[in-house]
Amino acid sequence: MPDDYKETLNLPKTSFPMKANLAKRELDMLQFWEDIDIYQKLMNKGEREKTFVLHDGPPYANGNIHIGTAFNKILKDMIPKYKWMRGYFSPYVPGWDTHGLPIELRTLKDEGLDKDSLHPIDLRRKCKECADRFLDIQRNEFKRLGVIGDWNDPYITFKPEYEAIELEAFAEMVDRGYVYRGQKPIYWCTDCQTALAAAEIEYEDISSPSIYVAYPLKKEGFPNLEGKEAYAIIWTTTPWTLPASLAITVHPNFDYIFASSNDKVYLLAKGLLEKVQRETGINFNNVLYEIKGKELEGLKAVHPFYDDKEIIFVLGDYVSLDEGSGCVHTAPGHGAEDFETGIKYDLEIYNPVDGRGYFVPETPLVGGLSLEEGSEKVLEVLKQKGRLLGEGEIMHSYPHCWRCKKPIIFRATNQWFIAVSMFKEDSLKAISSVQWIPSWGQDRIANMVRERSDWCISRQRIWGVPIPAFYCNDCGELILTSDRIRKVSAKVREHGSDCWWLMETKELLEELAFCPKCNSKSLKKETDIFDVWFDSGTSHLAVLTTRPELKWPATMYLEGSDQHRGWFQTSLLTSVATRGRAPFEMVLTHGFIVDGEGRKMSKSLGNVVQPQEVIEKYGADILRLWVASTDYRNDIRISETILKNLVESYRRVRNTMRYMLGNLFDFDPHNDSLAPEDMEEIDLWILSKLQGIISKVTRGFEDFEFHVPTFTIHQFCVNELSAFYLDINKDRLYVEAADSKLRRSCQTAMWNIIKTLTLMLSPILSFTTEEVWQHLREIDHTLPESIFLADWPTLDPTLYHESLEEKWERILWLRGAVSRALEAARGQDLIGQSLEACVNIKLDSETAKLRDILSPYWWKGVFIVSDVNWVDELPEAPVVHADEETGVKIAITKACGEKCPRCWMYAPEVAEKGVCGRCSMVLAAQS
RNA sequence: GGGCCGGUAGCUCAGCUGGUUAGAGCACACGCCUGAUAAGCGUGAGGUCGGUGGUUCGAAUCCACUCCGGCCCA
């Protein structure tokens, strides 16, 4: 008999599975979006007057995506999804960065070739194949994450239209006089006779000579040196750079001293006195005087073995007291810092070394010698002149060529530059007009731009966009004019940049194929290509200005914080150089992905988390939840513990949704909904709470702080819904007549809640919410076919009741005390489930105020007990609980009567009727 | 070494412009339920707010230094 009543209850029913099985079910959802062409549907939906363009930073099309790329793409994806629902037109065009060294090297390695043994066109074809292959792999991986965008027509930097615009942007910079050819030291392998990129450098420990050299001081400007032999002491590990020595750099804030030894005086940093003394054997017996580094600026010395060459004192912050003498010999043609200093002080970028590693013949003293021979010669002469103060060996880390494993050198060569210095002020202004999120991004990029030097845009490589310059074979003129660049650009637009290698200058330039200086028709093409950062840095022009659905400037760029140096900056520079303003209105940055201990991921540490594995194991929605649950302004941690936690949170939200769905199985929103004035108070209360949630969640999305919505909704599901509202309404939903107002009131509220929560979660848990949505559509067929086509929930101020929330706040306060009392009763084995209990509440000043704010029916409901008594004196009872937290005194007694087999509440009449009074009425109506 | 950032319970986050015993969810422990059931409910135990020093009547909140970690650069 007992189980028979189960059939008379309105128990939840749903086909929505409890177990998510995301790894599998998500694939169906992807298929669904593909089938209905969700992106096109969105594009047809929005109103164009409100446009939000998130411009995608192109990932490099090499290898599979890693956790950082996945994080970035998911974070981005949440924004257009939200904006579409808010009524914006928010197209998202993904892109790829496809040129450049990593792909070229990978291709060469795969082919077992080097770049000179393969025709450029063949190499480029293979590179393109490689990029294409990985682009496709990544595209599928991104789609698998649930990212919605124009995957069928992404932007790709190797597309002819893209390259053409890039060249046009370059032409504009040439027009403005921002492009020049100059010298810059680069990594150079004398063995392979080639320039190397930073990525081709390996650091190895080697032994180098360590020498101290005396540079005679010119006495003008130095106080108190009359009649004395005075020298500056420098220290170097590369004697072969001394022929190119042009300056001595000192730190502006260090203290320098003139120390005498016998009849000589030496200049060196005060802090290095002992070290130099030790390593040179010179005994400094007297310090003549001290001087600040900055006071040395502009003073002069003489080259240690070119007596007619003047050496100037300059300042540099990079001078350290770790090694040497605090006076740094500076050869602008042989080192990055030296070069910077050289540029600053207008020194010659002097490089007497040729590509094979020999001093050019006209070099004094060492002309024609190899670097090694030159080095020996230098030492010999220094010794001869008595200017070698100390000689030793030192082990240190030094860059080597990755291919031949030989030490490399720094060697100034001709490169193309963009004169950032000419529009640096404008760039800084542009930076200040952008909204940086978080705000410190502004300081970071402004500092970087302020300190940066001109942009070296040339690479001696094959896989990239050619720098469209020419050289006259007759007069040697360097030809870089915007009209010729535009000619080339037109050809590139038509044929792709391969045409640079396939066409003669005559074909490329047509009527402009002549030297503007000597009219010669014999021209030679530049062999350098653009830095890939120039490719991606011009994407705002190549993409935003060419696609009708997009707009320039972008509303937002969103990348990791490393892009302050990278894409944010290169985009900004090309934009300021061509358009005079930033290409974005907002820049959002996130931190880096680290492991559970906050350490960066590395293969050697073995702490790398693969997005593919997470998806396989837990599903993309878990990954999405991870992205949304973090405060991404800091580093973002991921670990098995964190994922397990997320799975747990996910489960809770999913089950809450499932439970509400199950209780709506017989609800027709169009016919069964109640108007607010007909609803139960508790249902109005939960809807009032829901308004607060909508407001908080919406604000979180507006501020791009996705962890706010995530936590807010999760906590709402746990605290308000699962632990309270849904729990105490089981009685109503199951037991009352299916079509009763009591039950319909609750269903009306739940329908509103589940729709609202599902919508608000959709930018985050896209797969799951779409799944829920499809179930909701079975309840209401008028809903849009995909959740992403629906509108964002709006806050209904008429549903917000502050006084109601305050009232229920007090009810919950008392409920806490009752729960603790019931728990005490359970501890005494008085009761099991709470319906077995009768709650006796002692009336005091507080509880007396509460008694009448709810009907007895609702008090029982709120506590989920069979009886509630408000008494002046507590009865004799097995469990009397004096609640510490509230001060309320409660006695728990066994509920009287017997357990109704239908609703499980205890009532006296059950013995007689077989069920309680309420159930008998419901049953009577049913039959 | 420089620029920028972060360090609150095992985990993810709150904690506004300094002011009662530092909050929440998850995880954990114990218990209940078996009509959300590879679910649900209740109770409870977890933190010297990275460390040191300072300003203050009072600091997780302000300042200095320091340790640890991250990005970028050298």
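**Notebook: the RNA surface and a helix pair**

I began with the surface near RNA strand B and noted that helix 23 gives the most to it, with nine residues. The model I consulted is predicted.

I then looked up which residues come nearest to RNA strand B. Of the 51 residues around the strand, these are E337, G598, N645, H714 and Q715. I recorded that 80% of the atoms of RNA strand B that come within 4 Å of the protein belong to sugar and phosphate.

By class, I entered 20 charged, 16 polar and 15 nonpolar residues for the surface near RNA strand B.

Next I turned to single atom pairs. For E337, I found a polar side-chain atom 2.4 Å from a sugar or linking oxygen of RNA strand B. For S722, a polar side-chain atom lies 2.6 Å from a phosphate oxygen of the strand. For N719, I noted an N or O atom of the side chain at 3.5 Å from a phosphate oxygen of RNA strand B. Among the elements that give two or more residues to this surface I listed helix 11 (440-451), helix 20 (640-662) and helix 27 (802-827).

My last entry concerns two helices. I asked at what angle the axes of helix 22 and helix 25 cross. The axes of helix 22 (residues 681-702) and helix 25 (residues 741-761) cross at roughly 10 degrees and come within 10 Å. Angles under 35 degrees count as roughly parallel, so helix 22 is roughly parallel to helix 25. I noted the contact of helix 22 with helix 25 as 12 nonpolar, three polar and one charged residues. In helix 22 the residues include L687, L690 and F701, and those they meet in helix 25 include A749, I753 and M760.

Terms used:
Residues are numbered from 1 along each chain as its sequence is written. Chains are lettered from A and ligands numbered from 1 in the order in which they are written. This is a predicted model: local features need pLDDT of at least 70, side-chain atom pairs count only at pLDDT 80 or more; totals for chains, interfaces and linings use all residues. Side-chain values use heavy atoms; hydrogens and water are left out. Axes are lines fitted to C-alpha atoms, for helices over the stretch in contact, and angles run from 0 to 180 degrees between N-to-C directions. Helices (H or I, at least four residues) and strands (E, at least two) are DSSP runs, numbered from the N terminus. Angles under 35 degrees count as roughly parallel, over 145 as roughly antiparallel, 65 to 115 as roughly perpendicular and the rest as oblique. Contact means heavy atoms within 4.5 Å. Ala, Val, Leu, Ile, Met, Phe, Trp, Tyr, Cys and Pro count as nonpolar, Asp, Glu, Lys and Arg as charged, and the others, Gly among them, as polar. A residue is near a molecule or strand if one of its heavy atoms lies within 4 Å of it. A polar contact is a pair of N or O atoms within 3.5 Å; within protein, one must be able to donate a hydrogen and the other to accept it, and residues adjacent in sequence count only if both atoms are side-chain atoms.
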